[in-house]
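Please open the model in your viewer and keep the sequence panel beside it, so that each selection can be followed in both places. The tour moves from one selection to the next and says what is found at each stop.

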Amino acid sequence: MTDNLRRDFSVLLSLTGKEDVFDVLDELGVLPAEHLSGVQRLPGNRYDVTFKTADIRRRFWPIFNSAKKLTASWYAGSTSLVTVLHVPLELDDNIVKFVLGRYGQVVSSRLLCYEKFPCVSNGIRQYKVNLKKDIPSSLFLGGRQCLVRYYGQPRTCLKCGLDGHEAKTCDNRRCFKCFNLGHTSKDCKATVVCTTCNKEGHNFRECTVSFANKARLSSEWTEGGAALRPTREDPEGQDANVAEEKGEVSAGMSVDLSEEKVATCESQLEL
């Protein structure tokens, strides 16, 4: 049974000195009353530190990972099940895995089908991902706003992409050409940003990123992330999971962000 125990809220800290664990946590900005559920001392100057939410744990992970007074490790079994809705069925799954690879390591994927008609897909894709940072509530894939959901995910606005509010109360203007805030695509003077590779100068239809072969969509779990096609600069190809992270990927085609459409998206996000 313990092999299946999820430790999504906890990290293991090994202190290098004799300082009190709460003094070390205080130096790193951890507020016990606000952030922690428990701290359990283990043999060998090690501590189980359990946060109130998985989001808080992920927020402090980069701080722990670079701290000099301790070494930190995640517990095994922290893979998240990520569900993605509304991806066009024709879109190569390599592209979805490539984009998700900016947030962590994609372990495997599958396409869900109707129970009554097992040969007919319902369009819902699922991915097992070892997350390094949180994925926003929506991504643009194949010119469509696609909803993303997983356990412990902090919600972000479907209109502007920021957290702390929902689209129905959002007053921000977001450009779906360059993806900056403060203006719309109609008034944008910046260069278009590709939603697949996150580079400027072209849209997703013109993207030159190519893959070794088209990913096979299956209702069974298919292992591995996206494998890039070998190039002259990289003759052996590259696993998209180890591609350089360049921040949040969003995607550029005009989409319907009317209040009715956003409200529908947010209701469907509750899986």
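What follows is a walk through a predicted model, beginning with its confidence and ending with its cavities.

**Confidence.** Colour the chain by pLDDT before selecting anything else: the mean over the protein chain is 81, and 82% of its residues reach 70 or more. Then select residues 242-271, where pLDDT stays under 50, although the model has 72 contacts beyond four places in sequence for this stretch. Where pLDDT is low, the predicted coordinates should not be read in detail.

**Aromatic pairs.** Show the aromatic side chains next, since a search of the whole structure finds 6 aromatic pairs. Select Phe140 and Phe176, whose ring centres are 5.3 Å apart and whose planes meet at 65°; because that angle is over 60 degrees, the pair counts as edge-to-face. This pair links distant parts of the chain, with Phe140 in strand E8 (residues 138-141) and Phe176, 36 residues apart from it, in the loop between strand E9 (144-149) and strand E10 (222-223). Are Phe140 and Phe176 buried or exposed? Both of them are buried.

Keep Phe176 selected and add Phe179, which forms another edge-to-face pair with Phe176, at 5.9 Å centre to centre and with 80° between the planes. Phe176 and Phe179 are both buried as well.

**A charge over a ring.** Move to Lys128 and Trp221, where the charged end of Lys128 sits over the ring of Trp221, at 4.6 Å from the centre of that ring.

**Val30 and its surroundings.** Select Val30, in the loop between helix H1 (21-27) and helix H2 (32-35). Its relative accessibility is 1%, which is under the 20% cut-off, so Val30 counts as buried. Which residues touch Val30, once its neighbours within four places in sequence are left aside? They are Leu25, His35, Leu36, Phe51, Phe60 and Phe64. Of these, Phe51, Phe60 and Phe64 form one aromatic cluster. Between Val30 and Phe60 the C-alpha to C-alpha distance is 8.0 Å, while in sequence the two are 30 residues apart.

**Cavities.** Finally, turn on a cavity display, in which the structure holds 4 cavities of 30 Å³ or more. The largest cavity contains about 50 Å³ of space, and it is lined by 10 residues, of which Asp8, Ala54, Arg57, Arg58 and Ser80 lie nearest its centre. To finish, select helix H3 (residues 54-66), which gives the most to the lining of the largest cavity, with 3 residues.

Notes. Residues are numbered from 1 along each chain as its sequence is written. Side-chain values use heavy atoms; hydrogens and water are left out. pLDDT is the predictor's confidence in each residue, from 0 to 100. Contact means heavy atoms within 4.5 Å. Rings of Phe, Tyr and Trp (its six-membered ring) pair if their centres lie within 6.5 Å; planes under 30 degrees apart count as stacked, over 60 as edge-to-face and the rest as tilted. Helices (H or I, at least four residues) and strands (E, at least two) are DSSP runs, numbered from the N terminus. Buried means under 20% relative accessible area, exposed over 50%, partly exposed in between (1.4 Å probe, protein chains only). A charge sits over a ring if NZ of Lys or CZ of Arg is within 6 Å of the ring centre and within 35 degrees of the ring normal. On a 1 Å grid over the protein atoms alone, a cavity is a set of points where a 1.4 Å probe fits but cannot get out, and a pocket is an open set with protein on both sides within 12 Å along at least five of seven lines; lining residues have an atom within 4 Å of a point. Grid points are joined across faces, edges and corners, and a volume is the space filled by probe spheres set on the points.
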